[in-house]
Amino acid sequence: MQRCIPVFLDEEVVHQYYNGYCNNILWPLFHYIGLPQEDRLATTRSFQSQFDAYKKANQLFADVVNEHYEEGDVVWCHDYHLMFLPKCLKERNSKMKVGWFLHTPFPSSEIHRMLPSRLELLRSVLAADLVGFHTYDYARHFVSACTRILGLEGTPEGVEDQGKLTRIAAFPVGIDSERFIKALELPEVQDHMKVLKQRFAGRKVMLGVDRLDMIKGIPQKILAFEKFLEENPNWRNKVVLLQIAVPTRTDVPEYQKLTSQVHEIVGRINGRFGSLTAVPIHHLDRSLDFHELCALYAVTDVALVTSLRDGMNLVSYEYVACQESKKGVLILSEFAGAAQSLGAGAILVNPWNVTEVASSIGYALNMPADEREKRHHHNFKHVISHTAQEWASTFVSELNVTIVEAQLRTRQIPPPLPIEVAVDRYSCSNNRLLILGFNATLTEPVDTLGRKDSQINEWQPKLRPDLREPLRKLCDDPKTTVLVLSGSARNVLDDNFSDYNLWLAAENGMFLRVTTGDWMTTMPENLSMEWVDSVKNVFEYFTDRTPRSQFEVRETSLIWNYKYSDVEFGRLQARDLLQHLWTGPISNASLDVVQGRRSVEVRSVAVTKSAAIDRILGEIVHNKGMKEPIDYVLCIGHFLTKDEDIYTFFEPELPSEVPASVRPQVPTQVRTSIVGSRAALLMKQNSTSAVEQNKSYAIDGDTLHSMVTDRISLQEGSSVLDLQANDYFSCSVARKRSNSRYRLQSSDEVVTLLRELADHR
Ligand SMILES: O=P(O)(O)OC[C@H]1O[C@H](O[C@H]2O[C@H](CO)[C@@H](O)[C@H](O)[C@H]2O)[C@H](O)[C@@H](O)[C@@H]1O
Ligand SMILES: O=c1ccn([C@@H]2O[C@H](COP(=O)(O)OP(=O)(O)O)[C@@H](O)[C@H]2O)c(=O)[nH]1
């Protein structure tokens, strides 16, 4: 039992839908082979009747999904067979979380234009929330098809249609590398390896493993091998090509023709270069079992992949995974998606250039051991770190995040902060917490035009002079705790706030310090920063080419800022920069690209202000030895969307709250502590008792006894927060739409607010 639910299609639908529309129309078109001639005499082969069958089959899939769907489920549709499915699903239930991933290339819009049903298919895919491709190029082609053919707007995140954004991104698939590596130890595989080694002793063995499909370039590969033998007579008895050609789509006439064509070429070459005892090409028209395949991957000297187009090509990954001891050479078509990830170690070839492939064969066969080792090492590292498991979890987590972000986009414009009320409630409270953002909250607003001539060294953010006095008064009030929570680096906060008696949380809360003490870290364990150097290269490149832009390397993030550059040019450059990031350094890492109004920031997914706040609160309560619960919270900042759930941290019942379940990449301990401490941070908004609230959260989280929760309860049974709903003021600064309860127009209004709080009676 594979936990699969079948969708039954009748034979005629299969013929028209699967053999017809999928494999005879979409497949060749997406691989740049073009469309077949429409056969007008046979109505069963017309585009229209095949497309009707395609839609019908997709609807049948949708019906089965609907039958089994439960609220909150994620529906991930795969491949060109199901391009109509997202639309069918969303029409029935617009709240369903739907992703779609294409395993083949998506061709240039000029090719997609040829398809008679081009509009309907694009629109249907756009009904999904997240659309994924193996490479950035395919994603780019899809976006340009939507802009050129549908006339929609392409944004750096995806495609927008009347306010609805479909996110488009690259998610390169990988393999279960462990499975292959472990299999090599099995006795069955070892036996196969022994037999193969004996069988081909004294000869170098080249391997081809492909479905017998025209996109795999099998004739081109064999012709290149023939040319190599022709030009290198000394190799004729010393090398053999093993070609596994797995039969596929045997009902489609084009595939039948290909089989005969390949047989003919193989026969001719074997006749030409074979002897009574040996032939240069061993061609198998069948599939192998997993163990045989692993053994072949492990013992062969060169793998030859000559796809004319290929979505990814997993064979190349599998070969690399099995070559840790032999360190064989991979010759790989530049038209396979895999060329973008294994290009560093493989010999890349244009399969149409038979001469080039033939000489690459010679180069691979003669390659010295140290070069083989270096090349293999590059690829092996990639294959074992970019696995199928990681691919799937990244896609699903991105899908969840996409949905939360879409909810955030529909945020309201909050009303202005009622300063008088905020001050009044402040006066009546006994233990207040003020959480203040820094940039654009406590600094002067940026006036791009006015600063055109300013000096680069003014870029470090500075506390507004008119805030110094009120801030000092607030910090010196024993009933008030002030926390400055910023994305800025530690030294920037040190420079601005060392003289005040307050708490500083730098780098989005990853570092914390009370100004009378030392910095400590609240960083989650295992925060990988391996990506920093490659992202830095991209940022350097764009900084050099965008006058008056700059980038800052922080300890847990990198930020490129173009707030002083020409706005239009800066935006264009930002787009380009994002494209560079997606295709390169961040294509498969657990990173977030956070776009500000004039900045692009890259940080690890676990780094957010809201993820850090409960750890910070725990530390403050512990450090101050608080005896009384906090009864007033003011949280103001010019926070990015990604950080905005800090506002809802204090009021869990808000609908736009980001549930812990949609942050799967946040390490478990952190997630648990968010849920846990929230349970302790009670609001007396309704009559629910502490015990009841704790219970309801216990269902969400694994446990309430996280380290942080335990630490921040004041004493057994009492909680850290004792907030009336009207003693909580979340307030965005200089942002129109926000999740906050209130807003202030600019930091000028922050000055007014803090002055009045400081002078309250
Ligand atoms: O179902 P078949 O007709 O036997 O075809 C087999 C699969 O072929 C295609 O595979 C693609 O997906 C691979 C993994 O993402 C990728 O590496 C490769 O480049 C693609 O060709 C097809 O997309 C699948 O749906 C078929 O099952
Ligand atoms: O006899 C065989 C030969 C190959 N494969 C598998 O078929 C897949 C081929 O995937 P690839 O991405 O290379 O191309 P596709 O056939 O999907 O276009 C790989 O996982 C191979 O391990 C297999 O199961 N049996």
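**Notebook: a ligand shell, two cores and a sheet**

I started at ligand 2, where helix α12 (314-321) gives the most to the surrounding shell, with three residues. This is a predicted model, where local features need pLDDT of at least 70, side-chain atom pairs count only at pLDDT 80 or more, and totals for chains, interfaces and linings use all residues. Residues are numbered from 1 along each chain as its sequence is written, while chains are lettered from A and ligands numbered from 1 in the order in which they are written.

I noted that helices (H or I, at least four residues) and strands (E, at least two) are DSSP runs, numbered from the N terminus. Strands β7 (204-211) and β8 (239-246) also give two or more residues to the shell. Among the residues around ligand 2, I found V209, R211, M312 and E318.

Next I looked up the largest nonpolar core (buried Ala, Val, Leu, Ile, Met, Phe, Trp, Tyr and Cys residues joined through C-beta atoms within 7 Å). Buried means 20 or more other C-beta atoms within 10 Å of a residue's own, with C-beta atoms placed from the backbone. Of its 78 residues, L483, V484, A505 and V633 touch the most other members. Helix α22 (residues 609-624) gives the most to this core, with six residues. I also found a second, separate core of 61 residues, which includes F225 and L308.

Last, I traced an open sheet of eight strands with mixed pairing, in the order β17-β16-β15-β14-β13-β22-β25-β26. β17 (520-521) and β26 (742-744) are at the edges with a single partner strand each, so one side of each has no neighbour in the sheet. Pairing here needs at least two DSSP bridges between two strands.

Definitions and conventions
A residue is near a molecule or strand if its C-beta atom, placed from the backbone, lies within 6 Å of it. A residue is buried if 20 or more other C-beta atoms lie within 10 Å of its own, exposed if 12 or fewer, and partly exposed in between; C-beta atoms are placed from the backbone.
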